[in-house]
2 protein chains.
Amino acid sequence: MATAAAASNAMGSVKPAAAQLPALILIRRVDTSFAAALRRRFRVLDFFASGEPLLPAFLLAAAKDGPRAAVVMGGGVARVDAAFLDAVPSIRCIVTTAAGVDSIDLHECARRGVAVANSGRVYSVDVADHAVGLLIDVLRRITASSLFVSRGLWPLQGDYPLGTKLGGKRIGIIGLGNIGSLIAKRLEAFGCVIYYNSRKPKDSVSYRFFASVHDLAAESDVLVVACALNKETRHIVNKDVLDALGKDGVLVNVGRGANVDEPELVRALKEGRIAGAGLDVFENEPEVPAELLSMDNVVLSHHVAVLTSESRSDLRDHTIANLEAFFSGNPLLTPVLP
Amino acid sequence: MATAAAASNAMGSVKPAAAQLPALILIRRVDTSFAAALRRRFRVLDFFASGEPLLPAFLLAAAKDGPRAAVVMGGGVARVDAAFLDAVPSIRCIVTTAAGVDSIDLHECARRGVAVANSGRVYSVDVADHAVGLLIDVLRRITASSLFVSRGLWPLQGDYPLGTKLGGKRIGIIGLGNIGSLIAKRLEAFGCVIYYNSRKPKDSVSYRFFASVHDLAAESDVLVVACALNKETRHIVNKDVLDALGKDGVLVNVGRGANVDEPELVRALKEGRIAGAGLDVFENEPEVPAELLSMDNVVLSHHVAVLTSESRSDLRDHTIANLEAFFSGNPLLTPVLP
């Protein structure tokens with residue numbers, strides 16, 4: 001028993017007294033309060049606390065404890081695919097702390113009867129707020145102005161290139177889900193005109209619908225990417241769409257990096273074929289194309305649109321509620337696959 | 001005549017053919033299109049184009065042409081006071097390109113029957129948009145994140161301190177005029193709760209009114225300064241108000257620098273007695289207190305909340321419309337003193 005307990009501790013976090021709790025795999029870093037809340041309720045097999053650098057080896061070891069759920073994050077840190085599910089066949093539920101499920105093979109999960117829950121609407125408001133913040137920042141050159149002042153250039157150079165008015169701008173939103181709708185609502189209050197593209201027109205809104213992203217871009221001053229990443233939306237903003245957006249156009253991306261053809265975006269910005277960009281996500285995070293770093297018409301944030309102290313605590317509560325629902329046989333709160 | 005024309009040209013801009021046009025004094029730099037539009041309609045005695053470095057000497061020379069109007073800017077470049085009006089007694093109308101008239105002695109103007117017009121609502125929308133942009137930037141740390149990414153720190157350090165949610169925040173607006181009302185309307189769309197302070201309660205709104213700025217600050221998460229600068233509002237945000245706002249509170253100033261006791265603001269930020277600030281205006285522009293330049297919870301812009309390419313062209317049209325109204329004996333469009 002001493003040896004087993006030591007082995008369990010080597011997995012990261014299991015105390016002998018917790019052996020009766022249901023087991024789950026945790027494959028993301030969480031803060032102290034999230035970790036404590038999980039450990040009060042579950043036997044947590046924690047990849048990042050395990051000391052094991054390789055995920056496959058960790059999964060193989062963890063499988064012996066028969067964990068029935070896995071908490072994962074988005075962004076491709078660990079793909080939940082056939083190999084993952086083969087390694088820990090006891091898993092019947094995946095709870096991702098992301099809204100997007102692009103790093104989860106839903107087909108494989110469905111085939112094996114593995115339920116999947118996501119973060120639901122926990123992040124929606126914060127992402128929408130951040131998208132509007134990025135847009136105002138790009139149009140009104142706030143970060144550029146802050147740097148101009150910080151570098152002591154105001155008394156030396158006086159004026160600085162003018163910003164652009166937000167009011168009256170035509171905003172083309174790609175993806176009118178929770179987040180897209182919240183962005184639309186906010187920008188309406190600024191006097192903007194809302195257009196959108198999605199799989200099909202929504203009866204619930206009066207905004208003008210575009211079946212083609214190219215046509216949406218051609219009619220818009222600003223293009224906001226707020227859709228999920230999947231086969232259909234990978235590189236949905238490509239060279240043609242950027243050229244349709246045009247030299248006065250601004251791109252905001254709070255979806256996924258791969259929704260945009262990033263090398264084409266960099267080229268369009270370098271060549272002045274679009275006017276600017278506000279980007280929270282990138283194709284190969286945390287790598288950001290070096291050319292973007294010095295452009296004063298580009299505002300970058302490091303995939304933090306979802307992140308506030310409030311959303312982090314909401315996420316903790318929401319994740320635990322999904323796990324408790326699963327372990328007690330109740331319906332998931334925010335099922336992607338029930 | 002040749003000598004007189006040469007003398008006039010030395011004043012900056014008067015062509016002999018323009019001698020019949022009504023004369024005005026211009027005491028601000030304007031762009032080419034604004035300058036051309038003025039010169040098509042008026043004989044423009046242009047201080048900055050005159051080569052005369054001293055305003056009193058310029059005014060003395062200009063007085064000989066009997067100009068009946070003056071176009072001035074805000075921000076204390078030239079105070080329109082008794083000395084100014086004594087130097088050019090022919091002036092019957094001051095048109096300022098600012099919304100605020102704190103650099104104009106209205107009492108002196110009224111006493112002499114000099115009409116005063118301001119920029120009216122030309123800037124209101126842009127200032128309101130900029131205020132919201134500064135607020136989102138501070139709360140969500142957008143400029144800080146952009147710097148973090150630009151410096152290549154994301155792959156090295158991973159996480160960065162969390163931002164704060166905008167939704168649900170209590171926003172205390174000082175001054176619920178055009179700009180304050182537009183800020184309120186925008187922030188309502190983000191789910192914020194609006195409080196305000198002004199000289200008296202407004203019947204037209206249901207927001208909660210505070211007669212005391214101190215009490216407003218104590219009940220608010222964010223304080224937004226959107227009032228005019230006058231004797232009553234100078235340092236309306238002082239040490240007591242900042243302390244009432246408190247360590248989680250954020251200050252946004254799009255009014256005038258002197259609405260805030262700047263040394264006290266710097267001290268409160270340095271000591272963590274408030275959480276952050278978004279500042280477009282400063283007490284001694286273009287000087288900005290050096291301590292602010294390196295604070296990552298402070299977003300600075302260089303008095304550009306009013307400035308977009310759209311507002312600049314609106315300003316040109318609006319200023320000319322006020323001047324044409326004055327010279328043709330019609331009521332001013334946006335009289336401060338009719």
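User: Where in chain B does B:His303 lie?

Analyst: In this predicted model, B:His303 sits in the loop between β12 and α14 of chain B.

User: Why is B:His303 called partly exposed?

Analyst: Its relative accessible area is 22%. Buried means under 20% and exposed means over 50%, with partly exposed in between. The value for B:His303 falls in between, so the residue is partly exposed.

User: What is noted about phi in B:His303?

Analyst: Phi of B:His303 is positive, at about 50°, although the residue is not a glycine.

User: What do the values say about A:His303 in chain A?

Analyst: A:His303 is placed in the loop between β12 and α14 (309-327) of chain A. Its phi is near 55°, again a positive value in a residue other than glycine. With a relative accessible area of 21%, which is neither under 20% nor over 50%, A:His303 is therefore partly exposed.

User: What kind of peptide bond joins A:Glu285 and A:Pro286?

Analyst: The bond between A:Glu285 and A:Pro286 is cis, with omega about 5°. A:Pro286 belongs to the loop between β11 and β12 of chain A. In chain B, a cis peptide bond joins B:Glu285 and B:Pro286, and omega there is about 5°. B:Pro286 is in the loop between β11 (276-279) and β12 (298-300) of chain B.

User: Why are β8 and β12 of chain A said to stand at the edges of their sheet?

Analyst: The sheet is open, has 7 strands with parallel pairing, and follows the order β8-β7-β6-β9-β10-β11-β12 in chain A. β8 (208-209) and β12 (298-300) each have a single partner strand, so one side of each has no neighbour in the sheet.

User: How do you know that β11 (residues 276-279) and β12 of chain A pair?

Analyst: Two strands pair if there are at least two bridges between them. β11(A) and β12(A) have 3 bridges, in the parallel sense, so the condition is met. Across this pairing, A:Leu279 stands opposite A:Leu300 in β12(A).

User: Which strands of chain A does helix α7 lie across?

Analyst: Helix α7 (residues 124-140) of chain A lies across β6 (170-174), β9 (222-225), β10 (250-253), β11 and β12 of chain A. Relative to β10(A), the helix runs at about 150°. Angles over 145 degrees count as roughly antiparallel, so α7(A) is roughly antiparallel to β10(A).

User: What makes strand β1 of chain A largely enclosed by the rest of the structure?

Analyst: Of the 5 residues of β1 (residues 23-27), 5 are buried, so the strand is largely enclosed. A:Ala23, A:Ile25 and A:Ile27 point one way, while A:Leu24 and A:Leu26 point the other way, and all are buried.

User: How many bridges join β1(A) to strand β2 of chain A?

Analyst: β1(A) runs parallel to β2 (residues 43-46) and is joined to it by 4 bridges. At least two are needed for a pair, so these strands pair. A:Ala23 stands opposite A:Arg43 in β2(A).

User: Why are helices α8(A) and α8(B) called roughly perpendicular?

Analyst: The axes of α8 (residues 142-150) of chain A and α8 (residues 142-150) of chain B come within 9 Å and cross at roughly 75°. Angles from 65 to 115 degrees count as roughly perpendicular, and so the two helices are described that way. Where they meet, A:Ile142, A:Thr143, A:Ser146 and A:Leu147 are in contact with B:Ile142, B:Thr143, B:Ser146 and B:Leu147. These residues divide into 4 nonpolar, 4 polar and no charged.

User: What makes α2(B) roughly parallel to α14(B)?

Analyst: Helix α2 (residues 32-41) and helix α14 (residues 309-327) of chain B pack at an angle of about 20°, with axes 10 Å apart. Angles under 35 degrees count as roughly parallel, so α2(B) is roughly parallel to α14(B). The crossing is right-handed. The α2(B) side of the contact consists of B:Ser33, B:Phe34, B:Ala37, B:Leu38 and B:Arg41, and the α14(B) side of B:Leu315, B:Arg316, B:Thr319, B:Ile320, B:Leu323 and B:Glu324. The residues of this contact comprise 6 nonpolar, 2 polar and 3 charged.

User: How do you know whether B:Thr319 is buried or exposed?

Analyst: B:Thr319, in helix α14 of chain B, has a relative accessible area of 1%. That is under 20%, so B:Thr319 is buried. Leaving aside neighbours within four places in sequence, B:Thr319 is in contact with B:Phe34, B:Val71, B:Val95 and B:Thr97. B:Thr319 and B:Thr96 are 223 residues apart in sequence but 8.0 Å apart in space, C-alpha to C-alpha.

Methods: Residues are numbered from 1 along each chain as its sequence is written. Chains are lettered from A and ligands numbered from 1 in the order in which they are written. This is a predicted model: local features need pLDDT of at least 70, side-chain atom pairs count only at pLDDT 80 or more; totals for chains, interfaces and linings use all residues. Side-chain values use heavy atoms; hydrogens and water are left out. Contact means heavy atoms within 4.5 Å. Axes are lines fitted to C-alpha atoms, for helices over the stretch in contact, and angles run from 0 to 180 degrees between N-to-C directions. A crossing is left-handed if the near helix is turned anticlockwise from the far one by less than a right angle, and right-handed if clockwise. Ala, Val, Leu, Ile, Met, Phe, Trp, Tyr, Cys and Pro count as nonpolar, Asp, Glu, Lys and Arg as charged, and the others, Gly among them, as polar. Buried means under 20% relative accessible area, exposed over 50%, partly exposed in between (1.4 Å probe, protein chains only).
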